[in-house]
Amino acid sequence: MEQLLQKILQDFRNTSSLHSGLNYDQIKSRLMPFTLDEPGGIDAVVKAIDAYLDTSVNTGHPGFLRAFWGPSEPASIVASLLTDVRNTTMHSFAVAPSATIIETEMIKAISDLAGFPGHGIFTTGGSNSNEMGFLCAREDALPGSSVNGLSGQNLRAFSSVEAHYSVDAAANMIGIGTDALIRIPCIDGKMDPQALNEAIIQEKQNGNLPFIILSTAGTTVRGSFDDLNAISEIAQKHGIWHHVDAAWGGAALFSNKHRNLLNGIEKADSFAFDAHKMIGSSMVCSAFLVHDESILSRTMSHTNRGDYLFDDPNKELSLGRISPQCGRRADALKLWFSWLEQGKKGLGERVNSCIDASKHLAHLVEEHPQLILVSFSFSNVCIRFTPHSNETIEQGNQRVRKVRNYLEDHAKCMVLDSILDNQLVIRFTASHPNVDKAATEEFLSNLIEANEKISL
Ligand SMILES: Cc1ncc(COP(=O)(O)O)c(C=O)c1O
């Protein structure tokens with residue numbers, strides 16, 4: 001164990017190269033062999049560590065801008081290892097007493113930041129937390145549906161057109177199908193509350209049962225925040241569950257400077273929060289928070305069956321009773337350790353520095369003649385190139401794609417492109433501290449260079 005950890009620590013925080021530049025077959029042959037008949041011993045594992053480090057993307061590189069995360073916080077990595085050492089699984093208090101208490105306290109701590117009472121569960125990620133929102137909303141609209149099913153009702157869900165695709169996944173998985181998800185248009189990236197209200201009225205008139213509004217706090221492409229106060233008001237008026245997908249923007253809960261982005265979250269029925277994004281916990285560390293203490297046990301009523309797992313004197317404390325999972329990692333420790341080490345203050349500063357870096361880039365883009373700032377919100381900066389004369393939108397899209405590929409192929413940086421208002425844009429986000437102001441300047445000069453190179 002010591003030898004293997006030493007091996008990993010040698011490379012810890014090495015940010016010299018972003019990726020190997022190798023293709024699938026080359027990576028595969030570098031990783032081989034995958035199985036051995038005879039024991040390979042520790043040497044085989046050491047070689048495998050080298051091969052993995054050489055061929056995996058280095059998310060700590062300042063050019064890793066493609067996703068909402070980067071390298072995880074050291075304290076969080078150690079927490080993850082610690083849970084592996086004990087091999088804790090969360091289903092019952094009997095086998096996970098300390099981890100149960102830690103998870104319960106972390107749920108309360110996140111809830112406190114949001115003005116929630118302190119109930120919820122850690123999940124497998126933001127997608128799963130959104131699905132949990134759907135499940136709870138279904139049980140709330142149709143009490144007993146966890147046992148009786150949908151009873152012939154046509155349920156309808158509502159989210160903005162810019163909401164994450166996991167909302168479709170949730171509609172799919174709870175059995176109502178993606179057509180039952182009504183996508184509401186946005187104004188400047190925010191769900192239009194009036195259009196939402198009208199759509200709900202229309203669906204009711206059609207004889208359908210609106211059961212959830214999912215608003216987004218920090219959209220995936222634009223980083224915008226829906227008006228949570230206005231949407232809560234509509235939800236309350238129609239008696240519909242309001243779930244907030246704060247998987248990305250929930251990090252603002254830690255920042256005194258940016259907390260106002262989440263104004264109104266306290267009025268929602270539930271929300272999703274990912275600590276493995278801007279907060280820097282290692283994958284995965286995601287929580288689903290609710291107002292109503294009883295909704296999770298009602299929604300997970302299948303766990304009432306007196307299963308052997310919960311048949312212990314402390315079964316009321318067993319978190320397996322309110323989770324769809326049986327075996328479950330003790331993910332809450334990852335947030336706990338980072339929180340202990342850095343405090344709310346340090347985690348908030350982490351958020352502030354990401355947003356500051358993005359703001360710096362947004363200003364530079366605005367002033368650059370070859371670039372157009374399509375949008376800037378939270379830590380997301382969306383960029384197009386100033387069109388050449390007679391350049392069509394489609395040609396502009398191709399330019400964005402070519403530039404993105406050029407940057408990635410030349411290992412300058414990894415950045416996403418995405419459709420926004422029917423146009424392909426470069427989507428930049430700063431989600432880890434290595435993406436500082438200097439890194440944004442480097443990104444900008446790489447972007448300009450790539451634009452000139454591919455235009456040749
Ligand atoms: C707004 C939003 N919600 C949910 C998710 C899904 O989160 P996860 O990857 O943890 O499932 C994402 C992922 O980027 C996201 O941007």
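This report describes the overall fold, the ligand surroundings, the cysteines and three individual residues of a predicted protein model.

**Overall architecture**

The protein contains 14 helices and 14 strands. Its C-alpha trace extends over about 65 × 60 × 45 Å along the principal axes. The radius of gyration is 23 Å, and because a compact globule of 456 residues would have a value near 23 Å, the protein agrees with that expectation. Of the 456 residues, 52% are buried.

**Ligand surroundings**

Around the ligand there are 14 residues, of which Gly 126, Ser 127, Asp 245, Asp 274 and Lys 277 come nearest. By class, this shell holds 9 polar, 3 charged and 2 nonpolar residues. Among secondary-structure elements, helix H6, which covers residues 126-141, gives the most to the shell, contributing 3 residues.

Three side chains place a polar atom beside an oxygen atom of the ligand, as listed below.

| Residue | Partner | Distance |
|---|---|---|
| Thr 220, polar side-chain atom | oxygen atom of the ligand | 2.9 Å |
| His 276, polar side-chain atom | oxygen atom of the ligand | 3.0 Å |
| Lys 277, N or O atom in the side chain | oxygen atom of the ligand | 2.9 Å |

On its own the ligand has 400 Å² of accessible area, and the protein covers 84% of this area. Lys 277 appears in two of these descriptions: it belongs to the residues that come nearest to the ligand, and its side chain has an N or O atom 2.9 Å from a ligand oxygen.

**Cysteines**

How many disulfides does the model contain? The count is 0. A disulfide is a covalent bond that joins the sulfur atoms of two cysteines. Cys 285 takes part in none, and the nearest cysteine sulfur to it, in Cys 354, is 16 Å away. Why does Cys 354 not form a bond with Cys 382? The sulfur of Cys 382 is the closest cysteine sulfur to that of Cys 354, but the two are 16 Å apart, which is too far for a bond; the cut-off for a disulfide is 2.5 Å between the sulfur atoms.

Both of the following cysteines lie below the 20% limit for burial. Cys 285 has a relative accessible area of 1% and is therefore buried. Cys 354 is likewise buried, with a relative accessible area of 0%.

**Individual residues**

Asn 451 lies in helix H14, which covers residues 437-455. Is Asn 451 buried or exposed? Its relative accessibility is 4%, so Asn 451 counts as buried. The side chain of Asn 451 also makes a polar contact, at 2.7 Å, with the side chain of Arg 399.

Leu 82 is located in helix H4, residues 74-86. With a relative accessibility of 39%, Leu 82 counts as partly exposed. Between Leu 82 and His 368 there are 48 Å in space, C-alpha to C-alpha, and the two are 286 residues apart in sequence.

Asp 292 occupies the loop between strand S10 (286-290) and helix H11 (295-299). Asp 292 counts as partly exposed because its relative accessibility is 27%. Its C-alpha atom is 36 Å from that of Leu 420, and these residues are 128 apart in sequence.

How values were computed. Residues are numbered from 1 along each chain as its sequence is written. This is a predicted model: local features need pLDDT of at least 70, side-chain atom pairs count only at pLDDT 80 or more; totals for chains, interfaces and linings use all residues. Side-chain values use heavy atoms; hydrogens and water are left out. A residue is near a molecule or strand if one of its heavy atoms lies within 4 Å of it. A polar contact is a pair of N or O atoms within 3.5 Å; within protein, one must be able to donate a hydrogen and the other to accept it, and residues adjacent in sequence count only if both atoms are side-chain atoms. Accessible areas come from the Shrake-Rupley method with a 1.4 Å probe; for residues, only the protein chains shown count as cover. Helices (H or I, at least four residues) and strands (E, at least two) are DSSP runs, numbered from the N terminus. Ala, Val, Leu, Ile, Met, Phe, Trp, Tyr, Cys and Pro count as nonpolar, Asp, Glu, Lys and Arg as charged, and the others, Gly among them, as polar. Buried means under 20% relative accessible area, exposed over 50%, partly exposed in between (1.4 Å probe, protein chains only). The radius of gyration is taken over C-alpha atoms; the globule rule is 2.2 Å times the number of residues to the power 0.38.
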